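Trainee: I'm new to this one, and I keep tripping over the labels people use. Please show me how each label is earned.

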Amino acid sequence: MKRVHMRIEEQLKKRGISKNKIVLGAGVQRTQLQKYCQNKVTRVDLGVLARLCDYLQCELSDIMHYEKQ
């Protein structure tokens, strides 16, 4: 089944950033971040993704991946 997989949790662990720190720094709600980290988002908010990329100084492809399987 094809799907989009969120890699935010992986980036946070890789960079040693806590969820509390990114919630404050990127201006996202904790419950919203949890859904993104657990791949439970049904509608993606482009503003949230932009803030996460800005805070993490990364590209969208670093926090999202399209799985073709």
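Mentor: Let's start with the lines we compare: a helix axis is fitted to C-alpha atoms over the stretch in contact, and the angle between two N-to-C directions runs from 0 to 180 degrees. Keep in mind that this is a predicted model.

Trainee: Why are α2 and α3 called oblique to each other?

Mentor: Their axes come within 10 Å and cross at roughly 120°. Roughly perpendicular covers 65 to 115 degrees, and roughly antiparallel needs over 145. An angle of roughly 120° fits neither of those ranges, so α2 and α3 count as oblique. The crossing is right-handed, by the way.

Trainee: Which residues make that contact between α2 and α3?

Mentor: From α2 come Lys19, Asn20, Ile22 and Val23, and from α3 come Arg30, Leu33, Gln34 and Cys37. Sorted by class, that contact has four nonpolar, two polar and two charged residues.

Trainee: Lys19 is in that group. What makes Lys19 count as buried?

Mentor: The cut-off for buried is under 20% relative accessible area. Lys19 has 18%, so it is buried. Lys19 sits in helix α2. Setting aside neighbours within four places in sequence, Lys19 contacts Glu9, Leu12, Arg30, Leu33, Gln34 and Cys37.

Trainee: And how does α2 lie against α4?

Mentor: The axes of α2 (residues 19–26) and α4 (residues 46–56) come within 10 Å and cross at roughly 110°. That angle makes α2 roughly perpendicular to α4, since the range for that label is 65 to 115 degrees. This crossing is right-handed. Lys21, Ile22, Gly25 and Ala26 of α2 meet Arg51, Leu52, Tyr55 and Leu56 of α4. Their classes come out as five nonpolar, one polar and two charged.

Trainee: What about α1 and α3: how do you know which label they get?

Mentor: Same routine. Their axes are 7 Å apart, at an angle of about 100°. That value belongs to the range from 65 to 115 degrees, so α1 and α3 are roughly perpendicular. In α1, Ile8, Glu9 and Leu12 meet Leu33, Tyr36 and Cys37 in α3. This contact has five nonpolar residues, no polar ones and one charged.

Trainee: How do you know that the buried residues of α1 line one face?

Mentor: The buried ones in α1 (residues 8–15) are Ile8, Gln11 and Leu12. Looking down the axis, these buried residues fall within an arc of 100°, so they line one face of the helix. In general, an α-helix has 3.6 residues a turn, so residues three or four places apart point the same way. On the other side of α1, Lys13 and Lys14 are exposed. The buried residues pack against β1, α2, α3, α4 and α5.

Trainee: What puts the buried residues of α4 on the same side?

Mentor: Those residues are Val48, Leu49, Leu52, Cys53 and Leu56. Their arc around the axis is only 130°, which puts them on the same side of α4. Leu46 and Asp54, on the face turned away, are exposed. The buried residues of α4 pack against β1, α1, α2, α3, α5 and β2.

Trainee: Why does Leu49 count as buried?

Mentor: Leu49 has 4% relative accessibility, so it counts as buried, given the cut-off of under 20%. Not counting residues up to four places away in sequence, Leu49 touches Met6, Tyr36, Val44, Leu60, Ile63 and Met64. Leu49 and Ile63 are 14 residues apart in sequence and 8.6 Å apart in space, C-alpha to C-alpha.

Trainee: Which phi value does Asn39 have, and what is notable about it?

Mentor: Most residues other than glycine have a negative phi. Asn39 has a positive one, near 55°. Asn39 lies in the loop between α3 and α4. Gln57, in the loop between α4 and α5, also has a positive phi, about 50°, although it is not a glycine.

Trainee: Why is Asn39 called partly exposed and Gln57 exposed?

Mentor: Exposed means over 50%, buried means under 20%, and partly exposed is in between. Asn39 has 28%, so it counts as partly exposed. Gln57 has 71%, so it counts as exposed.

Technical notes: Residues are numbered from 1 along each chain as its sequence is written. This is a predicted model: local features need pLDDT of at least 70, side-chain atom pairs count only at pLDDT 80 or more; totals for chains, interfaces and linings use all residues. Side-chain values use heavy atoms; hydrogens and water are left out. Helices (H or I, at least four residues) and strands (E, at least two) are DSSP runs, numbered from the N terminus. Angles under 35 degrees count as roughly parallel, over 145 as roughly antiparallel, 65 to 115 as roughly perpendicular and the rest as oblique. A crossing is left-handed if the near helix is turned anticlockwise from the far one by less than a right angle, and right-handed if clockwise. Contact means heavy atoms within 4.5 Å. Ala, Val, Leu, Ile, Met, Phe, Trp, Tyr, Cys and Pro count as nonpolar, Asp, Glu, Lys and Arg as charged, and the others, Gly among them, as polar. Buried means under 20% relative accessible area, exposed over 50%, partly exposed in between (1.4 Å probe, protein chains only). The arc is that of the directions from the helix axis to the C-beta atoms.
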